[in-house]
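Me: I am a first-year student, and I would like a close look at how one pair of helices packs together. Please take your time over it, and then relate that pair to other parts of the chain.

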Amino acid sequence: MDFDVIVIGAGPGGYVTAIRAAQLGLKTAIVEREALGGVCLNWGCIPTKALLKSGEVYEQLGHLADYGLKVEKASFDFAGVIARSRKVSAQLNAGVGFLMKKHKIEVVEGEATLEKGQGAPKVVVALKAGGSRSLQARHVILATGARARTIPAVGLEPDGERVWTYREAMVPKAAPKSLVVIGSGAIGIEFASFYRALGADVTVVEALPRILPVEDEEVSKAAQKAFERRGLKFRVGAAVKKLSKSKSGVEVALEVGGKAETLAADVAIVAVGIVGNVEGLGLEALGVKVEKTHVVTDAHGGTGVPGLYAIGDLAGPPWLAHKASHEGVHCIEHIAGLKPSNLTAPIPGCTYANPQVASVGLTEAQAKEKGIAVKVGRFPFKVNGKAIASGETEGFVKTVFDAATGALVGAHMIGAEVTEMIQGYALAITLEATEAELHATVYPHPTMSEAMHESALDAFGKVLHI
Ligand code: NAD
């Protein structure tokens, strides 16, 4: 055996798993074909947050008078905005490299395929530097992630110039003046928010009847209104019939409510979901079960093939970095015989637009579908002291409780920095808190988090500041 564990893919699923494996005393290698940190750190979560911060600061300059401040003329250097985002990614990529060294994890740069081995499959790596290396470990963990879904039949396919996925949208040479974003999930909304903040004319097209369709309906509605106040335009319930390139940009033919409409813009961003990176790994020959581009796994990431596991985006939804890390740690602790508790903790979801959206657990509709009688609390930031002082009064906090037991089953927030607050409710649900614990918790004053307390109080007729 060359290693105890080989992890394939160094995104937030893979590299965190490798660190935990090393902590557990396992001799570990990680194979990566592109860059340590994966999509999240190099092309996703992290660089978009840098872009969004630039957009947000720039947008705030337009409201300086509200704070009694003044600048003569604000402008931006687009290349500088992009360069900062790349620098942030590069810093964190180097950080992962440092962590691999610190934990004595061998990084193998190249593309891995699996072949029948002794016990676990053998890992054959076509090395970046040329040649190949054949490695055998007791356990192999697949963490190869996912990539943007494209729909070539209607032209939803990136060309790197006028049709972009998140990848091209992250590093354009110039900011587009007009943009059609197809898909209103987190990727679509975050890029729409960023480019709108820099002044682009942006229309978001969504096939379903509302934007951010995985969120609670009240949050979706409030988000659309808030984004429209910033000048974003939406077409919901819209079927894309054809995306074609015109002389100067793109044309997107739609059908909205039975009527045909064509949108013209410099550029289109395709953000219609993702597909798992299942190809080229040799999964079929090993008999690994793949459904809808995802590897089918058991409760611990096992694929059914001895010694072969899959975690993160590759193992299916929700396609989120923190879910991947969480699953990876569970998987390796299970392999090491630690008997980790089941993967039942709810996975929070965040959209870092302006305003931000964050949620955890069940929406009100999902709770009702499960037959749960609910008590619902709401509290708006417009009456929260800190929010008023900060000039950030948009949005609200909604909490959903099981009326029979008092257990918190879901929480939904829209407003400034709600992505930093949702963890409080995630912890509450993980600890199976009821309204009693949430009411008894002391929230610091003045903070926007007081709205979280008030929302829980409101669900039980005890709200204080309304
Ligand atoms: P998504 O599945 O979240 O959203 C895609 C949206 O496109 C959906 O609302 C869907 O109804 C719509 N859609 C699908 N086909 C369409 C069509 N033909 N025309 C118009 N609309 C169409 O996917 P995404 O936004 O591409 O993101 C991919 C994954 O990455 C998601 O799981 C997302 O949660 C994750 N992600 C998370 C973050 C974050 O946590 N902030 C950021 C980016 C991406």
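What is the handedness of the crossing of H3 and H4?

Reply: The crossing of H3 and H4 is right-handed (the near helix is turned clockwise from the far one by less than a right angle, whereas anticlockwise would be left-handed). Before going further, please keep in mind that this is a predicted model, in which local features need pLDDT of at least 70 and side-chain atom pairs count only at pLDDT 80 or more, while totals for chains, interfaces and linings use all residues. Residues are numbered from 1 along each chain as its sequence is written, and side-chain values use heavy atoms, with hydrogens and water left out.

Helix H3 covers residues 45-61, and H4 covers residues 78-102 (helices are DSSP runs of H or I with at least four residues, strands are runs of E with at least two, and both are numbered from the N terminus). The two helices pack at an angle of about 145 degrees, with their axes 8 Å apart (axes are lines fitted to C-alpha atoms over the stretch in contact, and angles run from 0 to 180 degrees between N-to-C directions). On the H3 side, the contact is made by Ile46, Pro47, Ala50, Leu51, Lys53 and Ser54, and these meet Val81, Ile82, Arg84, Ser85, Arg86, Val88, Ser89 and Leu92 of H4 (contact means heavy atoms within 4.5 Å). Sorted by class, the contact of H3 with H4 holds eight nonpolar, three polar and three charged residues (Ala, Val, Leu, Ile, Met, Phe, Trp, Tyr, Cys and Pro count as nonpolar, Asp, Glu, Lys and Arg as charged, and the others, Gly among them, as polar).

If you follow the chain onward from H4, you come to lysine 104, which sits in the loop between H4 and strand S3 (106-115). Lysine 104 has a positive phi of about 55 degrees, although it is not a glycine.

A second pair to set beside this one is H1 (residues 14-23) and H9 (residues 321-335), whose axes come within 8 Å and cross at roughly 30 degrees. H1 and H9 are therefore roughly parallel to each other (angles under 35 degrees count as roughly parallel, over 145 as roughly antiparallel, 65 to 115 as roughly perpendicular and the rest as oblique). The crossing of H1 and H9 is right-handed, and in it Val16, Thr17, Arg20 and Ala21 of H1 meet Ser325, Gly328, Val329, Ile332 and Glu333 of H9. By class, that contact has four nonpolar, three polar and two charged residues. The loop between strand S18 (308-310) and H9 contains proline 318, which is joined to proline 317 by a cis peptide bond with omega of about -10 degrees.

Another cis peptide bond, with omega of about 0 degrees, joins asparagine 354 and proline 355, and proline 355 lies in the loop between strand S19 (349-351) and strand S20 (356-361).

Further along, the axes of H12 (residues 418-430) and H14 (residues 450-458) come within 10 Å and cross at roughly 45 degrees, which makes H12 oblique to H14. The crossing of H12 and H14 is right-handed, and the residues that make the contact are Met421, Gly424 and Tyr425 of H12 together with Met452, His453 and Ser455 of H14. By class, the contact of H12 with H14 has three nonpolar, three polar and no charged residues.
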